[in-house]
Amino acid sequence: MLRQTFLGAWSLLTGMKVTLQHVFRPPLTSQYPRERIEMTKAFRNVIALIEIEGIGSHDCIDCGACERVCPSDCIYIEGERPDGMKRRRATKFDVDFALCSECGLCLDVCPTDTLGYVREYDQAGYQRGDFLYDLMIPWREGEPEARDRLRALEAEQAEARKAAAARRKAAAAKAKAEPAAEAGPES
């Protein structure tokens, strides 16, 4: 009986020691939903179209690469070629997040890097329809302005490519002329 009392007291003191060691440490948990934590860059959640600041819209060109590579077959894209533009633009980008495995293959194959992960972590729903999202950034209201900005951006990029090609051509011509000038006339 005395042995059991001693073992019980020893167990109590051991537990109190562990409690006192951790009582003055900062808490490891957050008080959700009053306190929200910042997600790291490695956090994977649902995908979203990323808005480009220069045009105020996304840069999805409706290539369908993400739709083809998706192992869950949860992405559906529709698009059109707006008047006066070279590239197609996505007009509908639907994702069924009830099927999405968040593998990231769609982000890897996107040629315009227009897809990214959302940093939200509290997306919940009670019905399957709660997880069907149209990811399109609402740009229809200002579509003419967005198209003008996109055309201007494409024109700037074309001018930059032309200028870079001209600099390369001039550098090649200069490099070709220097050996001829160094050799001089040999007579």
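Glu 102 is partly exposed in this predicted model. Its relative accessible area is 28%. That value lies between the 20% limit for buried residues and the 50% limit for exposed ones, so the residue takes the middle class. Glu 102 sits in the loop between strand 3 and helix 3. Its backbone deserves attention. The phi angle of Glu 102 is near 55°, a positive value, and the residue is not a glycine. Most residues other than glycine have a negative phi.

Asp 62 also has a positive phi without being a glycine. The angle here is about 55°. This residue is found in the loop between strand 1 and helix 2, the helix that covers residues 65-69. Asp 62 is buried, because its relative accessible area of 14% falls under the 20% cut-off.

Asp 62 takes part in a salt bridge as well. Its side chain meets that of Arg 88, with a distance of 2.7 Å from N to O. Arg 88 lies in the loop between strand 2 and strand 3, and Asp 62 in the loop between strand 1 and helix 2, so the pair ties together parts 26 residues apart in sequence. The two partners fall into separate accessibility classes. Arg 88 is partly exposed, at 31% relative accessibility, while Asp 62 is buried, at 14%.

The salt bridges number four in total. One of them joins Arg 87 to Asp 59, and the closest N and O atoms are 3.0 Å apart. Arg 87 belongs to the loop between strand 2 and strand 3, and Asp 59 to the loop between strand 1 and helix 2, so this pair ties together parts that are 28 residues apart in sequence. Arg 87 counts as partly exposed, with 29% relative accessibility. Asp 59 is buried, with a relative accessible area of 11%. A network of salt bridges links Asp 59, Arg 87 and Arg 89. Another salt bridge pairs Asp 94 with Lys 92. Here the closest N and O atoms are 3.5 Å apart. Lys 92 is partly exposed, at 30% relative accessibility.

The nonpolar residues come next. In soluble globular proteins, nonpolar side chains tend to be buried together. The largest nonpolar core in this model has 19 residues. Ile 47, Ile 75, Phe 93, Val 95 and Leu 115 have the most contacts inside it. Four elements each give two or more residues to this core. They are strand 1 (47-49), strand 2 (75-80), strand 3 (89-96) and helix 3 (105-109).

Ile 47 shows how the core is joined. Leaving aside residues up to four places away in sequence, Ile 47 touches Ile 75, Phe 93, Val 95 and Leu 115. Its other contacts include Phe 97, Cys 106, Leu 107 and Leu 135. Gly 116, Tyr 117 and Val 118 are also among the residues that Ile 47 touches.

Some nonpolar side chains lie at the surface instead. Phe 6, Leu 7 and Trp 10 make a nonpolar surface patch of about 380 Å². Phe 6 is part of helix 1, which spans residues 2-23. Phe 6 counts as exposed, because its relative accessibility of 55% is over the 50% cut-off.

Technical notes. Residues numbered from 1 in each chain as written. Predicted model: local features only at pLDDT ≥ 70, side-chain atom pairs only at ≥ 80, totals over all residues. Heavy atoms only, no water. Core = buried A, V, L, I, M, F, W, Y, C linked by side-chain atoms within 4.5 Å. Buried < 20%, exposed > 50% of the residue type's maximum accessible area, 1.4 Å probe, protein only. Contact = heavy atoms within 4.5 Å. Patch = residues over 30% accessible without salt bridge, like charges linked within 9 Å, V, L, I, M, F, W, Y side chains within 5 Å. Areas by Shrake-Rupley, 256 points an atom, 1.4 Å probe, with all protein chains shown as cover.
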